Amino acid sequence: MARYRVVVDRVTCIACGAAPATCPEIFELGSDNGKNRVVEKYSVKTDDSVSIGEIPEELYSCAKAGADVCPVNAIKIERIE
Ligand code: SF4
């Protein structure tokens with residue numbers, strides 16, 4: 001089963017809330033700096049500037065929907081083996 005890496009550029013993020021509203025299973029506005037981050041369950045690294053997560057294939061469409069609504073293109077998704 002494929003897995004996907006989700007990378008949120010928290011510097012570019014303008015904290016509009018669209019991604020968390022679209023896919024709350026993966027995204028949330030952080031209590032640290034108010035920017036989007038990958039939820040703790042899937043996060044592998046989160047700091048002020050970036051949040052990186054790994055998700056199972058069944059959540060790909062959710063993550064993609066969140067990335068697609070981002071007005072500043074701050075979310076990237078790549079397949080990992
Ligand atoms: S949609 Fe983009 S700008 Fe809005 S909270 Fe998500 S990552 Fe940030």
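# Working through a small predicted fold

Read from one end to the other, the protein chain runs β-α-β-β-β-β-α-β. Keep in mind that this is a predicted model. Grab the viewer and let's go.

## Exercise 1: Overall build

Work out how many helices and strands the protein chain has, and how compact it is.

*Step 1.* Count the elements: there are 2 helices and 6 strands in the protein chain.

*Step 2.* Check the radius of gyration. For the protein chain it is 11 Å, and the globule rule gives 12 Å for 81 residues; the two are close, so the chain is as compact as a globular protein of that length.

*Step 3.* Look at the box. Taken along the principal axes, the C-alpha atoms fill roughly 35 × 25 × 15 Å.

*Step 4.* Ask how the chain contacts itself. Of the contacts with a separation of 6 or more, 62% are between residues 24 or more positions apart. Buried residues, meanwhile, make up 27% of the 81 residues.

## Exercise 2: Who pairs with whom?

Find the strands that pair with S1, and say in which sense they pair.

*Step 1.* Start with S1 (residues 3-9) and S5 (residues 50-56): they pair in the antiparallel sense, over 7 bridges. To see one spot on this pairing, find Asp-9, which stands opposite Val-50 in S5.

*Step 2.* Now try S6 (residues 75-80). S1 pairs with this strand in the antiparallel sense too, over 6 bridges. Here Val-6 has Ile-77 in S6 as its bridge partner.

*Step 3.* Follow S5 onward. S5 also pairs with S4 (residues 43-46), in the antiparallel sense and over 3 bridges. Ser-43 has Gly-53 in S5 as its bridge partner. S4 and S5 form a hairpin, with 3 residues between them.

## Exercise 3: Inside the core

Which residues have the most contacts inside the largest nonpolar core, and which elements give two or more residues to it?

*Step 1.* The largest nonpolar core has 14 residues, and Val-6, Val-8, Ile-26, Ala-63 and Ile-75 have the most contacts inside it.

*Step 2.* Match the core to elements: S1 and helix H2 (60-69) each give two or more residues.

*Step 3.* Zoom in on Ala-63. Skip residues up to four places away in sequence, and Ala-63 touches Tyr-4, Val-6, Cys-23, Ile-26, Ile-55 and Ile-77.

## Exercise 4: Buried or exposed?

Decide whether Arg-3 and Leu-59 are buried, exposed or partly exposed, then look for their contacts.

*Step 1.* You need the cut-offs: 20 or more other C-beta atoms within 10 Å means buried, 12 or fewer means exposed, and anything in between is partly exposed.

*Step 2.* Arg-3, found in strand S1, has 13 other C-beta atoms within 10 Å, so Arg-3 is partly exposed.

*Step 3.* Leaving out neighbours within four places in sequence, Arg-3 is in contact with Glu-54, Ile-55, Pro-56, Glu-57 and Ile-80. Also find Glu-78: it is 75 residues from Arg-3 in sequence, but their C-alpha atoms are 8.7 Å apart.

*Step 4.* Leu-59 sits in the loop between S5 and H2. Leu-59 has 17 C-beta neighbours inside 10 Å, so it counts as partly exposed.

*Step 5.* Again leaving out neighbours within four places, Leu-59 is in contact with Glu-25 and Ile-26. Leu-59 and Glu-25 are 34 residues apart along the chain, with 8.2 Å between their C-alpha atoms.

## Exercise 5: Positive phi

Find where Ala-15 and Asn-73 are placed, and give the phi of each.

*Step 1.* Recall the background: most residues other than glycine have a negative phi.

*Step 2.* Ala-15 is not a glycine, yet has a positive phi of about 60 degrees. Its place is in the loop between S1 and helix H1 (18-22). With 13 C-beta neighbours inside 10 Å, Ala-15 counts as partly exposed.

*Step 3.* Asn-73 has a positive phi as well, near 55 degrees. You'll find Asn-73 in the loop between H2 and S6. Asn-73 has 10 other C-beta atoms within 10 Å, so it is exposed.

## Exercise 6: Around the ligand

How many residues surround the ligand, and what classes do they belong to?

*Step 1.* Count the shell: 15 residues surround the ligand, and the closest are Cys-13, Cys-16, Ala-19, Asn-36 and Cys-70.

*Step 2.* Sort the shell by class: 13 residues are nonpolar, 2 are polar, and none is charged.

Definitions and conventions:
Residues numbered from 1 in each chain as written. Predicted model: local features only at pLDDT ≥ 70, side-chain atom pairs only at ≥ 80, totals over all residues. Near = placed C-beta within 6 Å. Nonpolar A, V, L, I, M, F, W, Y, C, P; charged D, E, K, R; others polar. Pairing = 2+ DSSP bridges. Helix = DSSP H or I, 4+ residues; strand = E, 2+ residues; numbered from the N terminus. Rg over C-alpha atoms; globule rule 2.2 N^0.38 Å. Contact = placed C-beta atoms within 7 Å. Core = buried A, V, L, I, M, F, W, Y, C linked by C-beta atoms within 7 Å.
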